[in-house]
Amino acid sequence: MPKYMDTHEMGTFSEGTLRELQNAPADEFGVTHHDILFSKDNDKIWCVLDAPDEESVRKHHEKAGIDVDWVTRVESTRG
């Protein structure tokens, strides 16, 4: 499955919520979280997602009411 990375504001997400999301099953768009990185100081989250395509990533965030700053396809040395 291709990997995508995006960034957006942390907003009201807590560290606990992000940890729960990390282990969530695939949603209806086929998106799962490979990794979630965040900075409370900078109010930013960086998501690394397994997803069929960029549009699925955007729909995944739109459903949660999140505006992403950008989305790009990436590769990982972890596989």
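# Exercises on a predicted model

His 34 has a relative accessibility of 27% and therefore counts as partly exposed. The structure is a predicted model, and the exercises below concern its charged pairs, its surface and selected residues.

## Exercise 1. The surroundings of His 34 and Ser 76

Determine in which element His 34 is placed, and which residues Ser 76 contacts beyond its neighbours within four places in sequence.

*Solution.*

Step 1. His 34 is placed in strand E2.

Step 2. The C-alpha atoms of His 34 and Met 5 are separated by 9.6 Å, and these residues are 29 residues apart along the chain.

Step 3. Ser 76 is placed in the segment after E4. Its relative accessible area is 30%, so Ser 76 is partly exposed.

Step 4. With neighbours within four places in sequence set aside, Ser 76 is in contact with Lys 3 and His 34.

Step 5. From Ser 76 to Lys 40 the C-alpha separation is 25 Å, for 36 residues in sequence.

## Exercise 2. Salt bridges within helices

Identify which residue forms a salt bridge with Arg 58, and state in which helix Glu 15 and Arg 19 lie.

*Solution.*

Step 1. Side chains of opposite charge can pair when their charged atoms come close. The criterion is a side-chain nitrogen of Lys or Arg within 4 Å of a carboxyl oxygen of Asp or Glu. By this rule there are six salt bridges.

Step 2. For Glu 15 and Arg 19, the N to O distance in the salt bridge is 2.7 Å. Both residues belong to helix H1 (residues 15–22) and are four residues apart, about one turn of the helix.

Step 3. Glu 15 is partly exposed, because its relative accessibility is 29%. Arg 19 reaches 55% and therefore counts as exposed.

Step 4. Arg 58 pairs with Glu 54, and the closest N and O atoms of this salt bridge are 3.1 Å apart. These two residues are four residues apart in helix H2, which means a separation of about one helical turn.

Step 5. Arg 58 has a relative accessible area of 27% and is partly exposed; Glu 54, with 34%, is partly exposed as well. A further point concerns shared partners: Glu 15, Arg 19 and Lys 40 are joined by salt bridges into one network.

## Exercise 3. A salt bridge between separate elements

Establish which parts of the chain are tied together by the pair of Asp 69 and Lys 44.

*Solution.*

Step 1. The side chains of Asp 69 and Lys 44 form a salt bridge with an N to O distance of 2.4 Å.

Step 2. Asp 69 lies in the loop between H2 and strand E4 (70–74), while Lys 44 lies in strand E3 (residues 44–50), so the pair ties together parts that are 25 residues apart in sequence.

Step 3. Asp 69 is partly exposed because its relative accessibility is 44%. Lys 44 is also partly exposed, with 23%.

## Exercise 4. A patch of negative charge

State which residues gather in the patch of negative charge on the surface, and whether Glu 62 counts as buried or exposed.

*Solution.*

Step 1. The patch on the surface gathers Glu 9, Asp 53, Glu 55, Glu 62 and Asp 67.

Step 2. Among these residues, Glu 62 is placed in helix H2 (residues 54–63).

Step 3. The relative accessibility of Glu 62 is 54%, so this residue counts as exposed, the cut-off being over 50%.

## Exercise 5. Backbone and contacts of single residues

Find where Asp 43 is located, which residues Asp 35 touches beyond four places in sequence, and whether Ser 56 is buried or exposed.

*Solution.*

Step 1. Most residues other than glycine have a negative phi. Asp 43, a residue other than glycine, has a positive phi near 55 degrees.

Step 2. Asp 43 occupies the loop between strand E2 (32–39) and E3. Its relative accessible area of 30% makes Asp 43 partly exposed.

Step 3. Asp 35 belongs to strand E2 and is partly exposed, at 27% relative accessible area. Not counting residues up to four places away in sequence, Asp 35 touches Gln 22, Trp 46, Cys 47 and Val 48.

Step 4. The C-alpha atoms of Asp 35 and Leu 18 are separated by 9.8 Å, with their positions 17 residues apart along the chain counted as the sequence separation.

Step 5. Ser 56 is found in helix H2. Its relative accessible area is 10%, so Ser 56 is buried, the limit being under 20%. Apart from neighbours within four places in sequence, Ser 56 is in contact with Phe 29, Val 31 and Ala 51.

Notes. Residues numbered from 1 in each chain as written. Predicted model: local features only at pLDDT ≥ 70, side-chain atom pairs only at ≥ 80, totals over all residues. Heavy atoms only, no water. Patch = residues over 30% accessible without salt bridge, like charges linked within 9 Å, V, L, I, M, F, W, Y side chains within 5 Å. Areas by Shrake-Rupley, 256 points an atom, 1.4 Å probe, with all protein chains shown as cover. Lys, Arg positive; Asp, Glu negative; His and termini not counted. Charge placed at Lys NZ, Arg CZ, Asp CG, Glu CD. Buried < 20%, exposed > 50% of the residue type's maximum accessible area, 1.4 Å probe, protein only. Contact = heavy atoms within 4.5 Å.
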